[in-house]
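Work through the packing of this protein in three short exercises. Try each task before reading its solution.

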Amino acid sequence: MAEAGVPPGEQHRQAPGRRALLQFAAAAGGASLLSACSRSASAPAAGGTAAVASRDSSGGTAMSAAAQAASGPPKAADWAALARDLSGPLIRPGESGYTTAKELFDTRFDSLRPAGIAYCRNPHDVATSLAFVRKYGLPVAARCGGHSYAGWSSTSGLIVDVTRMAGVSVSGGNPKTATVGAGTRLIDFYNGLAAHGRAVPGGSCPTVGISGLTLGGGIGVVGRAYGLTCDNVTSLQIVTADGQIRTANAKTNSDLFWACRGGGGGNFGVVTSFTFTTHPAGDICLFFLSWPWSQAARVIAGWQSWAPHAPDQLWSNLHLAAAPGGSIPSIQVGGTYLGTVSEAAAQLEKLYAAVGSHPSSPFLESTTWLHAMLVEAGCASLTVKECHLPTQTAGGQLSRASEYAKSDFFTRPLSGHGIGTLLAGVENLQRVSGAPGGSGGIAFDALGGAVNRVAPGATAFVHRNALFGAQYTTTWPVGSASAEVARQHAWQQSFWQSMRPYASGQAYQNYIDPSLANWRQAYYGANYTRLTQVKAAYDPHRLFSFPQAV
Ligand SMILES: Cc1cc2nc3c(=O)[nH]c(=O)nc-3n(C[C@H](O)[C@H](O)[C@H](O)COP(=O)(O)OP(=O)(O)OC[C@H]3O[C@@H](n4cnc5c(N)ncnc54)[C@H](O)[C@@H]3O)c2cc1C
């Protein structure tokens, strides 16, 4: 991910992300604003093979030999039969394209070696793949954008890849709805919707998949106005562990529908399409503001008194960043406003008043919806086609990256002590002997607005009372020494630990975190019991399993 301080011309070479808005925009020409990705209800019981679960090396679940319908693992001829039964390609070790096909977004997971990757072209391919893993007791993982922070969209068994089921179609009606293939990547989601003048709130990283994002919530730049991505789902199609292709919405399989809006990817089946309600995609204001680090405490205090309480049209985040062994940290506010530049400027004046000073580098402009999404994605100077990995589109200019992430929600403003702890946490990275070119920091996303008007139990996404969320990250160039990376990781864990007295104890299920001990409560709170009931109804034998599976 591109970090603050990366020259604008360099930024598009790095994988972008939601910290795009955290990056300060070089005001000249408004171009290169930049970027960084390199930032359980009654139901039909699922059938299938009775199984005894055991962990496989990647955290997936393998059925015991006694539970298998077939004796022993699949032989070459069995795989060949699967390949014939699928309309999409099946890639196996040793075959052309395997090295790329097995990759996730994060290079940390490059050593994982799935036994096969099934590129499913339709729900029947998914059902066929699930029948195969049931028959042979193989671990299975669904994969969309491959951005799982824990690598849990890979497995030693079969990856069920949904990216060949991609695309956006918009239907009439009021409001207009969009049916979106489960394999659609975010930048293609925005592009397909914008072609019809429509929008659905989502995240910033262009290569994140709509499936993982939506199933775990979906926090994005217009969330305070339009809610989470999952709040905009009206229906979905999903293949459950028994191989049945089901519709889930408010009337049909409503318990499954509830669970798929925030219950987390990989838990309840393989989604093959989503239907969303849509919003008008008019022009939108973008702003990027920075202050000297000496003003950081005042900026934090001012931002937290302003951002969660602003009108719904205004969304913003606050990013504090540093480099191991580096110079002075940076503090930036970025955001969007659904309205005119003068209305946005009036809102920003309230922030300046709360901080007690104007930013040293202010930037505010109005632009088209799609361009705004490209800017957020770190693709301000790229076409939609270029705003992909080279393995995704010819001419794709983005790169894969490595990152550790942890998260928090905050339901109370930070006290003076809390702000002091925060600043010390960021500054401590300067004293870490980390990877040259590495970075780290914390990004706060303003919440409130439409996100918090949904009751905590109305969907599986329970975090409806926070003022803001936060993500603690650290990144390093691919190929960095493991000891340097380990020291950055230790810094991040210690930083997160230091903030325990101030955070709510909740964590974002989409920033899935293998080191989180109390993940059930942190991700799902009071909704966890109902999620386990949905799991028991639709996946009683835990075909879909990973270390933090419901
Ligand atoms: C660089 C970066 C930027 C990010 N930016 C944002 C952001 O702006 N806002 C935000 O809210 N989050 C953001 N995230 C977090 C992101 O939402 C999650 O990592 C999400 O799970 C990724 O989805 P995916 O489809 O890309 O990943 P995958 O790794 O493919 O999938 C994630 C999980 O979902 C499961 N899954 C995938 N497809 C399906 C399917 N079709 N049916 C059922 N289960 C499935 C997988 O098995 C896995 O458990 C970001 C993550 C990264 C790494």
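The exercises below use a predicted model and go from the core to its helices.

**Exercise 1. The nonpolar cores**

Find the residues that touch the most other members of the largest nonpolar core, and the strand that gives the most to this core.

Solution.
- The largest nonpolar core has 153 residues.
- Trp303, Leu320, Phe410 and Phe444 touch the most other members.
- Strand E14, residues 284-291, gives the most, with 7 residues.
- Another core, of 6 residues, lies apart from it; Ile91, Tyr98, Ile117 and Ile159 are among them.
- Now take Phe444. Beyond its neighbours within four places in sequence, Phe444 contacts residues including Trp303, Leu320 and Phe410. Its other contacts include Leu422, Phe468 and Ala470.

**Exercise 2. Helix H9 against helix H10**

Classify the packing of H9 and H10 as parallel, antiparallel, perpendicular or oblique.

Solution.
- H9 spans residues 296-306 and H10 spans residues 341-355.
- Their axes are 8 Å apart, at an angle of about 135°.
- Angles over 145 degrees count as roughly antiparallel, and 65 to 115 as roughly perpendicular.
- H9 and H10 are therefore oblique to each other.
- The crossing is right-handed.
- On the H9 side, the contact residues are Arg298, Val299, Gly302, Trp303, Ser305 and Trp306.
- They meet Gln347, Leu348, Lys350, Leu351, Ala354 and Val355 in H10.
- By class, this contact has 7 nonpolar, 3 polar and 2 charged residues.

**Exercise 3. What covers helix H5**

List the buried residues of H5, then name elements that cover them.

Solution.
- H5 runs over residues 186-194.
- Its buried residues are Leu186, Ile187, Phe189, Tyr190, Gly192 and Leu193.
- The cover includes strands E7, E8, E9 and E12.
- Helices H6 and H11 are also among the covering elements.

Note on methods:
Residues numbered from 1 in each chain as written. Predicted model: local features only at pLDDT ≥ 70, side-chain atom pairs only at ≥ 80, totals over all residues. Heavy atoms only, no water. Core = buried A, V, L, I, M, F, W, Y, C linked by side-chain atoms within 4.5 Å. Buried < 20%, exposed > 50% of the residue type's maximum accessible area, 1.4 Å probe, protein only. Helix = DSSP H or I, 4+ residues; strand = E, 2+ residues; numbered from the N terminus. Contact = heavy atoms within 4.5 Å. Axes fitted to C-alpha atoms, helices over the stretch in contact; angles between N-to-C directions. Parallel < 35°, antiparallel > 145°, perpendicular 65-115°, else oblique. Left-handed = near helix turned anticlockwise from the far one by under 90°. Nonpolar A, V, L, I, M, F, W, Y, C, P; charged D, E, K, R; others polar.
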